[in-house]
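This briefing looks at how helices and charged side chains meet in one protein chain. Please keep the sequence and the structure open beside the text while reading.

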Amino acid sequence: MATRTLSLTDQIHAYLVSVSGPQSEAQRRLREETAKMPNSGMQISFEQGQFMALLVRLLKARKTLEIGVFTGYSSLVVAQALPEDGRIIACDVSEEYTSIARRHWEEAGVAHKIDLRLAPALETLDALLAEGQADTFDFAFIDADKSNYDAYYERALKLIHAGGLIAIDNTLWAGRVADTNVQDPDTQAMRAFNAKLHHDTRIHLSVVPIGDGLTLAMRRS
Ligand code: CA
């Protein structure tokens, strides 16, 4: 029976959430506020956040990177999983969305762990590399504009150390990557990105069917 992943009905999903908790009070409040926004679908799911927090704990991560903050849920869950001296360098260009994020990080008492860089992420990543921060990050989460995924990935792969992990969101792209009739630029970019990682000998790879598809790439050496 279990030769492939279960398709989640609403009923199974509700059950999964009910036994996956608990969600922190700060996480619940941020989800509630974001749910009222028109593009709330950009927020990762509760179960994906919980999975990422567990990965961060397994890695014993202290220094992490986030590319694409939105209203700050993924950085909140990662920050709560980091030790007290842990740090996230968080990249985004939206003052509007990240002001919501900042408020919730403050309320949750994790704002001191998050260094928000309001600039195009490629500029921030190139600056980190120029400062000599290659091979120093434990974990990176990429969830931003899809056309730049490959550029973010290449820089993140330099910034994490061997054994470090990159998690990349939306790689199943609502199934559009599997449908050859869909040929818009974002879908083509995601398809090319997935194909590249499939052959990338620098990493250990797993494409996890959680949320909209979460690719895990662990740097080999
Ligand atoms: Ca996403």
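In this predicted model, the side chains of Glu32 and Arg28 meet in a salt bridge, with 2.5 Å from N to O. The points below begin with that pair, then turn to a pair of salt bridges elsewhere and to a helix crossing.

**Salt bridges around helix 2**
- Glu32 and Arg28 are four residues apart in helix 2 (residues 25-35), so about one helical turn separates them.
- Glu32 is partly exposed, at 43% relative accessibility, and Arg28 is also partly exposed, with a relative accessible area of 32%.
- Both residues belong to a network of salt bridges that links Glu25, Arg28, Arg29, Glu32 and Glu107.

**Salt bridges between helix 7 and helix 8**
- Asp150 and Lys196 join their side chains in a salt bridge of 2.6 Å, N to O, and this pair links distant parts of the chain, since Asp150 lies in helix 7 (residues 149-159) and Lys196 in helix 8 (residues 185-198), 46 residues apart.
- Lys196 also forms a salt bridge with Glu154, at 2.5 Å from N to O, and because Glu154 is in helix 7 and Lys196 in helix 8, the pair ties together parts that are 42 residues apart in sequence.
- Asp150 has a relative accessible area of 33% and is partly exposed, while Lys196, at 28%, counts as partly exposed too.

**Helix 3 and helix 4**
- The axes of helix 3 (residues 46-58) and helix 4 (residues 73-81) come within 9 Å and cross at roughly 35°, in a right-handed crossing.
- Among the residues that meet there are Phe46, Met52 and Val56 in helix 3 and Tyr73, Val77 and Ala81 in helix 4.
- By class, this contact has eight nonpolar, three polar and one charged residues.

Key:
Residues numbered from 1 in each chain as written. Predicted model: local features only at pLDDT ≥ 70, side-chain atom pairs only at ≥ 80, totals over all residues. Heavy atoms only, no water. Axes fitted to C-alpha atoms, helices over the stretch in contact; angles between N-to-C directions. Helix = DSSP H or I, 4+ residues; strand = E, 2+ residues; numbered from the N terminus. Left-handed = near helix turned anticlockwise from the far one by under 90°. Contact = heavy atoms within 4.5 Å. Nonpolar A, V, L, I, M, F, W, Y, C, P; charged D, E, K, R; others polar. Salt bridge = Lys/Arg side-chain N within 4 Å of Asp/Glu carboxyl O. Buried < 20%, exposed > 50% of the residue type's maximum accessible area, 1.4 Å probe, protein only.
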